[in-house]
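This briefing introduces one structure to a reader who has not met it before. Please look over the sequence and the structure shown here before turning to the points that follow.

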Amino acid sequence: MHRILPVFVLLALLPAAAGAARLKDLAMTKGVRDNQLVGYGLVVGLNGTGDGSKAAFTTQGLANMMEQLGVHVRPQDLKVKNVAGVMITAKLPPFVKVGQTVDVLVSSLGDATSLQGGTLLATTMKGLDGQVYAVAQGPLAVGGFAVGGGGGAAVQKNHPTVARIPGGATVEREVPLALAGRSELVLSLASPDFTTMSRAVQAVNRQLAGDFARAEDGATLRIRVPEAYAGDIVGLLAAVESVEVVPDMPARVVLDERTGTVVMGENVRIGRVAVSHGNLSLEIRTGAQVSQPAPLGAGETVVVPATDIAVAEEPDRLVVLDGGPTITEVVRALNAVGVNPRDLIAIFHAIKAAGALQADLSII
């Protein structure tokens, strides 16, 4: 018997009033950011779970490495079941110095089934400018495994073809970034908003006791360095980042139709509208029935499926939403209709089409 049941998921509701957040959590300082590094390398020491002989980049890379070590081999003579070609990625944080280490992520490129037990050979990691910024090497930490048996039986946990090396890359080149001597700092909001920007300007000026901050647009905040902080840019940033700002939240309803998730912001308002929704229940039963031929007939006895389908629909319930209700009232009213989150998605689509939803409807 197969039954289509309603799927219940979490209906996330934001609090009635948004709390203040530090400016460092809402904005970033221009120029102070991570830089992406990437490299190609070889993982050795695998227990027969490496790339097959069809992975030409692995055999060629292994042959090139052996050539540099003084061992001449032909790529076609190599068996790489214990070797895997991998891509190594990492983030180079701002202000990192030569000799410090960063974590690296190792991902299989070929048809290796697992990187468990492998060791990454020394690999240069380059930035987008083509310069070498770090060198990665070390044993892999794999957070999963894959075990196979006869007859196609297999057990897998997590993702065994991706691994990490904590502190596996040593920084060899620094990214130049000078803050000393600046006469102005520029901060950018992660979520541009004019109201939030106006509040940030007022909060920074109160903190610095002067008219030092100004908004260039809804995302850019420029701060003129006060004389008291002329030689202490780090102290100025520490003072500015600790300023608390109440971010403004747009009226938005986010719908994820794949999972049935509904998230509504606190400023969502619905005009006066009547909602009618009926629950549809579909039940399918499949059994087996034996069909025999007539006596002395030439047919064969066969088993055929017997399917019964029953459809039941509950009576519609009508609820009226008064104009301009709060988010709590909206949820209470829709719960009175007896809807689940997936039905709620369809209802919001209909309310938006009717022009009664004063909010942005976002589908992800």
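In which loop is phenylalanine 95 found? In this predicted model, phenylalanine 95 sits in the loop between strand E6 (83–92) and strand E7 (101–108). The points below take up the backbone at two loop residues, then a four-stranded sheet, the helix across it and the nonpolar cores.

**Loop residues with positive phi**
- Phenylalanine 95 has a phi near 70°, which is a positive value in a residue other than glycine.
- Its relative accessibility is 40%, so phenylalanine 95 counts as partly exposed.
- Alanine 209, likewise not a glycine, has a positive phi of about 55°.
- Alanine 209 is placed in the loop between helix H3 (194–208) and strand E15.
- With a relative accessibility of 71%, alanine 209 counts as exposed, because the limit for that class is over 50%.

**The four-stranded sheet**
- An open sheet is formed by four strands in the order E4-E14-E16-E15, with antiparallel pairing.
- Strand E4 (27–29) and strand E15 (213–215) stand at the edges with a single partner strand each, so one side of each has no neighbour in the sheet.
- On average, neighbouring strands of this sheet are turned by 25° against each other, direction ignored.
- E4 and strand E14 (residues 184–189) run antiparallel and are joined by three bridges.
- Opposite threonine 29 stands leucine 187 in E14.

**The helix across the sheet**
- Helix H4 (residues 233–241) lies across E4, E14 and strand E16 (220–224).
- The helix runs at about 35° to E14.

**Nonpolar cores**
- The largest nonpolar core has 25 residues, of which Leu23, Leu187, Val204, Leu221, Ile223, Val240 and Val245 touch the most other members.
- At least two residues of this core come from each of helix H1 (23–26), E14, H3, E16 and H4.
- H3 gives the most to this core, with six residues.
- Isoleucine 223, leaving aside its neighbours within four places in sequence, is in contact with Ser183, Glu184, Leu185, Leu187, Val204, Leu208, Phe212, Ala213 and Val240.
- Another core, of 24 residues, lies apart from the largest one, and its members include Val43, Val102, Met125 and Ala136.

Technical notes: Residues are numbered from 1 along each chain as its sequence is written. This is a predicted model: local features need pLDDT of at least 70, side-chain atom pairs count only at pLDDT 80 or more; totals for chains, interfaces and linings use all residues. Side-chain values use heavy atoms; hydrogens and water are left out. Two strands pair if DSSP finds at least two bridges between them. Axes are lines fitted to C-alpha atoms, for helices over the stretch in contact, and angles run from 0 to 180 degrees between N-to-C directions. Contact means heavy atoms within 4.5 Å. Buried means under 20% relative accessible area, exposed over 50%, partly exposed in between (1.4 Å probe, protein chains only). A nonpolar core is a set of buried Ala, Val, Leu, Ile, Met, Phe, Trp, Tyr and Cys residues joined through side-chain atoms within 4.5 Å.
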